[in-house]
Amino acid sequence: MHIHVASHPLITHKLTVLRDKNTHSSVFRSLTTELVTLLAYEATREVRVEPVTVETPVSTTQGVMLSQPRPLVVPILRAGLGMLEGMVSLVSTAEVGFLGMARDEETLRPTVYAERLPENLTGRQCFILDPMLATGGSLIETIKFLLARGATDITCVCLLGTPEGVQAVEDATVGFNVTLVLGALDEKLNEHGFIVPGLGDAGDRLYGTV
Ligand code: PRP
């Protein structure tokens with residue numbers, strides 16, 4: 001697995017405000033969008049393009065456009081939905097598929113409660129969005145889902161991750177072309193399955209259910 005942890009001061013600044021427990025939901029949502037736009041820049045570094053000819057007002061020149069089939073963006077509901085706007089503002093021609101997943105608070109195992117994805121993902125570049133990579137269970141389940149439908153090129157974008165979660169995803173994806181882009185790698189996973197220091201429950205903070 002290729003791992004990229006952001007080190008840009010603007011990303012760290014925005015993450016610091018997100019971590020603050022006093023940051024209100026409306027600010028949390030807009031900052032998440034800004035952060036994802038910055039992370040998406042890195043996450044799409046290998047997005048496929050093809051050469052095209054374009055006529056400028058002055059002459060003809062060669063450029064590139066995103067290739068077909070279009071990239072697929074998959075936010076993991078609920079919290080991943082908060083990252084969608086930032087991603088599609090950068091990759092405006094992407095198709096969006098949805099996967100709803102909830103983690104059992106006792107076992108920490110994820111269960112799928114909604115799925116709306118293309119049947120055939122052969123040859124598609126896929127981008128998974130989930131703010132939190134805690135145990136890694138939700139991300140691993142989503143990656144398996146996409147691989148089973150033929151995806152061979154998967155990039156995961158997360159705001160925060162734990163060393164334990166990153167290791168679990170790495171172990172589960174040996175031999176596959178998977179990239180992980182993180183806003184920050186935090187200290188650890190605690191006994192309740194929360195990221196430390198983290199930012200709390202991203203879904204609750206995005207949607208004001210704290
Ligand atoms: C949270 C979070 C991730 C998952 C991370 O979702 O948004 O999807 O847990 O944990 P893991 O790495 O241990 O699987 P949650 O299940 O709380 O659902 P929500 O997005 O609806 O809040």
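Start with the lining of the largest pocket in this predicted model: sorted by class, it has 14 nonpolar, nine polar and six charged residues. Colour the lining by class in your viewer and you can see how the three groups are spread around the opening.

**Stop 1: the largest pocket**

The space here comes to about 680 Å³. To find the middle of the pocket, select Met-101, Ala-102, Arg-103, Ser-138 and Asp-201, which are the closest to its centre among the 29 lining residues. Next, show the secondary structure around them. Five elements each give two or more residues to this lining: the strands β4 (72-77), β6 (98-103) and β9 (132-133), together with the helices α4 (137-148) and α6 (202-207).

**Stop 2: a serine in a loop**

Stay with β4 for a moment and step back along the chain. Between β3 (60-66) and β4 (72-77) there is a loop, and Ser-67 is found in it. Select Ser-67 next. Is Ser-67 buried or exposed? Its relative accessible area is 12%, so Ser-67 counts as buried, the cut-off being under 20%. To see what is packed against it, select Arg-48, Val-49 and Glu-50: Ser-67 touches these three, leaving aside residues up to four places away in sequence.

**Stop 3: the second largest pocket**

Now move to the second largest pocket, with about 210 Å³ of space. Which residues lie nearest its centre? Select Glu-42, Ala-43, Glu-46, Thr-155 and Thr-179 to see them, out of the 16 residues that line this pocket. The elements giving two or more residues to the lining are β1 (2-5), α2 (25-43), β8 (125-129), β10 (153-161) and β11 (178-185). Coloured by class, this lining shows six nonpolar, six polar and four charged residues.

**Stop 4: two cysteines**

For the last stop, follow β10 (153-161) and select Cys-156 and Cys-158. Cys-156 is buried, with a relative accessible area of 0%, and Cys-158 is buried too, at 1%. Why is Cys-156 not bonded to Cys-158? The closest cysteine sulfur to that of Cys-156 is the one in Cys-158, and at 6.2 Å it is too far for a bond, because a disulfide needs the two sulfur atoms within 2.5 Å. Looked at from the other side, Cys-158 is in no disulfide either, with the sulfur of Cys-156 as its nearest cysteine sulfur. You can stop looking for such bonds elsewhere: a search of the whole structure finds zero disulfides.

Notes
Residues are numbered from 1 along each chain as its sequence is written. This is a predicted model: local features need pLDDT of at least 70, side-chain atom pairs count only at pLDDT 80 or more; totals for chains, interfaces and linings use all residues. Side-chain values use heavy atoms; hydrogens and water are left out. Helices (H or I, at least four residues) and strands (E, at least two) are DSSP runs, numbered from the N terminus. Buried means under 20% relative accessible area, exposed over 50%, partly exposed in between (1.4 Å probe, protein chains only). Contact means heavy atoms within 4.5 Å. On a 1 Å grid over the protein atoms alone, a cavity is a set of points where a 1.4 Å probe fits but cannot get out, and a pocket is an open set with protein on both sides within 12 Å along at least five of seven lines; lining residues have an atom within 4 Å of a point. Grid points are joined across faces, edges and corners, and a volume is the space filled by probe spheres set on the points. Ala, Val, Leu, Ile, Met, Phe, Trp, Tyr, Cys and Pro count as nonpolar, Asp, Glu, Lys and Arg as charged, and the others, Gly among them, as polar.
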